[in-house]
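Biologist: Could you show me the model and walk me through how its labels are earned?

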Amino acid sequence: MGKRVGMEVSIAAAEAVKQCNVDVVSAYPITPQTHIVEHLSEIVANGELDAEFFCVESEHSALSVCVGSEAVGARSFTCTSAQGLALLSEITYIVSGLRLPIVMIVANRTLSAPLSIWNDHSDAMMIRDCGWIQYFVENGQEVYDHVFISYRTAEDREVLFPAIINMDGFTLSHVIEPIELIEQEKIDQFLSPYQPLYSLHPDHPVTMGAFALPSIFAETKKAQEVALCSSMPKILEVWKAFGDLTGRYYRPIETYQAEGADTLLITMGSFGETASVAVDQMRAEGRSVGLVKIRLWRPFPFDDFKNAVKGAKHLVVIDRAVSVGGPKGPVASEVKSALYGMEGHPAIYDFVAGISGRDVAPIDFIKMVDKAKIEIEEGNQEGYELYGVRE
Amino acid sequence: MTENLNVFAVRTLTQKEYFAPGHRACQGCAEVLAVRLVAKALGRNVIVSNATGCMEIVSSPLPFTSWRVPWFHVAFENTAAVASGVEAGLKALMRKRRIPRKKIISLAMAGDGGTADIGLQALSGALERGHDMIYICTDNEAYMNTGIQRSSSTPFGASTTTSPVGKVKMGQITWKKNMPAIAAAHNIPYVATACPSYPIDLVQKVKKAAAIEGPAYIHILSVCPTGWRSAPELSIKLGRLAVETGVFPLYEVENGKYHLSMDFPKLKPIREYIKLQGRFRHLTDDLIEEIEKRVQKEYEALKERAKQGV
Ligand SMILES: Cc1ncc(C[n+]2csc(CCOP(=O)(O)OP(=O)(O)O)c2C)c(N)n1
Ligand code: SF4
Ligand SMILES: [Mg+2]
């Protein structure tokens, strides 16, 4: 077993990047991602990591530098939040189209306006369809672990997709948690140096980033979609290998007290831990409530999700972003499309809660479950509410 | 004299082509000629990062490519950042002994729009960080790829689809942005202007840029018959006239010191250059005179700088 130490989650993330022996780091500061970049710059300044480190002039360039370095075969890392993610979003679609396995941590933060530095998932939802593998992690240990997991998965020749680790800003990025660090020898065993399938080098000239006419574009997109969906077995395989190494096994969908539960809370990210406390309380009162946590957002694990909610009567989805003028919360829309056509599928009640970092305590989850129960029993099968708004 | 030298010395250039024939540029395109010469000058040990624009579109229709060297296109405004990442990645990999050490040039290439407008920030960042790379702006004085819209590099008076001639406006109402001066203001070791009508000069400058450590910036005037509404067979002549009239002087800025690559004691009348281009067709005598005055003033200032060695 590795050493267990109390450390800020952002520091742990930076340590993991160091342990991956990343070659190029390029980033631009934005709250709440800053501590990762700051700590990485210290690591490089102290010679603990042999990497080219650039604090560039914008997030757009931060990711663009990584695109250049990754394309020559260098393992590259960047991280950002909210406005930064919005600024570099143009490039996210290009990175996945080019099949460059860059890893990016997003310390999730609210998108302006109004300006807010606090946490929700509006930034992640903006680039939902950018074609990256997208994880939502629940605690500091998962952040640390997923840096290794992401590189190994992304760089696998049967995958070759970039990966985003979404971690809630402040609630994860700025808290001190006990983290079990993994010995370097184990990491070296788990993650070998990046061996690109294609790279830019004069010894084997290739053209990357050619333009496509309508006569060929659809074929390239189809190839990309098929490739991302068929990387699921690899994603699972890497999680399994990581579990064998550390004892920590991860799944695309995690359940807690869900077996046979009538009502299931559905969460993504750090809400999972708070919601599990609420579930314990409700269980203690003899209520049949469980929890389903989505860890893998892209490719969306439709089958695992369906299995996890089979038999439940009510689903209470907790979204953390508003889809203004759209089909309510983005997670709920995914859930609905996953279950569409499923016989006797559960009623789905959608809450958007905790946007811009507003506190959501265990009692709030209980209140949401209660509210959903009343509404559903009164016949409102697909309710939606922005929870806790003062009116 | 210099003209003759240029004509014959062309034969001293390598016959190897790294930019293959069969591309889709328009007839008489001097921008693609510039690209071909740059590719010749740099040889095979190069990685090209190319911005969105004419040169990207004419050379890379999937599944074909005109490029016999590694070539990369990512987006419109980030080419300097991409090329700096290429340089950084190679540096890290060589230092960590994961690829053999050898000199590989990271070349960024973008049009005037991709350089002077939307890509200026990324370019400034890359120059300031001091990457060992070459940045080439192929300046055809408008956004040609998207249909001849104005850029900040479009000259005063030129009509484009977004600086049209109307009842109250006479084409572009702003003066051409001085990109080489902006690049030089970053205190980089090498800045130069070039034009494919002077191929030897162009090739020499590109080779010099390759030999220098640190960022180098070369601004290449590239005649575009489609956008300039000029006859395709006049492209080389027009490039010469741009230089001989003082509209586009050829010079270098080495470690901050300016010097002219060729000097003309007497500039040719600007009218000779302007009259061959449909984009200037509407210009009145007064406007032409105004342009000529400005060009002369700027040329004198440049000459003075070069004379004083600053
Ligand atoms: C972010 C973004 N904005 C706009 C465009 C559309 N666009 C593509 S190329 C181009 C103009 C290119 O002009 P220039 O850089 O001068 O190159 P040229 O085609 O003239 O060689 C424009 C506006 C784009 N691709 N990306
Ligand atoms: S539009 Fe102009 S720059 Fe573009 S290919 Fe044609 S001639 Fe060349
Ligand atoms: Mg142009």
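Here is a short chat about the ligand sites.

Modeller: Ground rules: this is a predicted model, where local features need pLDDT of at least 70, side-chain atom pairs count only at pLDDT 80 or more, and totals for chains, interfaces and linings use all residues. Residues are numbered from 1 along each chain as its sequence is written, chains are lettered from A and ligands numbered from 1 in the order in which they are written, and side-chain values use heavy atoms, with hydrogens and water left out.

Biologist: What makes a residue part of the group that surrounds ligand 1?

Modeller: One of its heavy atoms has to lie within 4 Å of the ligand. For ligand 1, 18 residues surround it, the closest being E31(B), C54(B), D112(B), G113(B) and G114(B).

Biologist: Why is the site called shared?

Modeller: Residues from chains A and B surround ligand 1, so the site is shared between those chains.

Biologist: What makes the pairing of G113(B) with ligand 1 a polar contact?

Modeller: A polar contact with a ligand is a pair of N or O atoms within 3.5 Å. A backbone N or O atom of G113(B) sits 2.9 Å from an oxygen atom of ligand 1, so the pair counts. The side chain of N140(B) also offers an N or O atom, 3.0 Å from an oxygen atom of the ligand.

Biologist: And which residues surround ligand 2?

Modeller: Among them are C26(B), C29(B), E31(B), N140(B) and M144(B). By class, the shell around ligand 2 has 7 nonpolar, 2 polar and 1 charged residues.

Conventions: Polar contact = N/O pair within 3.5 Å; in protein donor to acceptor, adjacent residues only side chain to side chain. Nonpolar A, V, L, I, M, F, W, Y, C, P; charged D, E, K, R; others polar.
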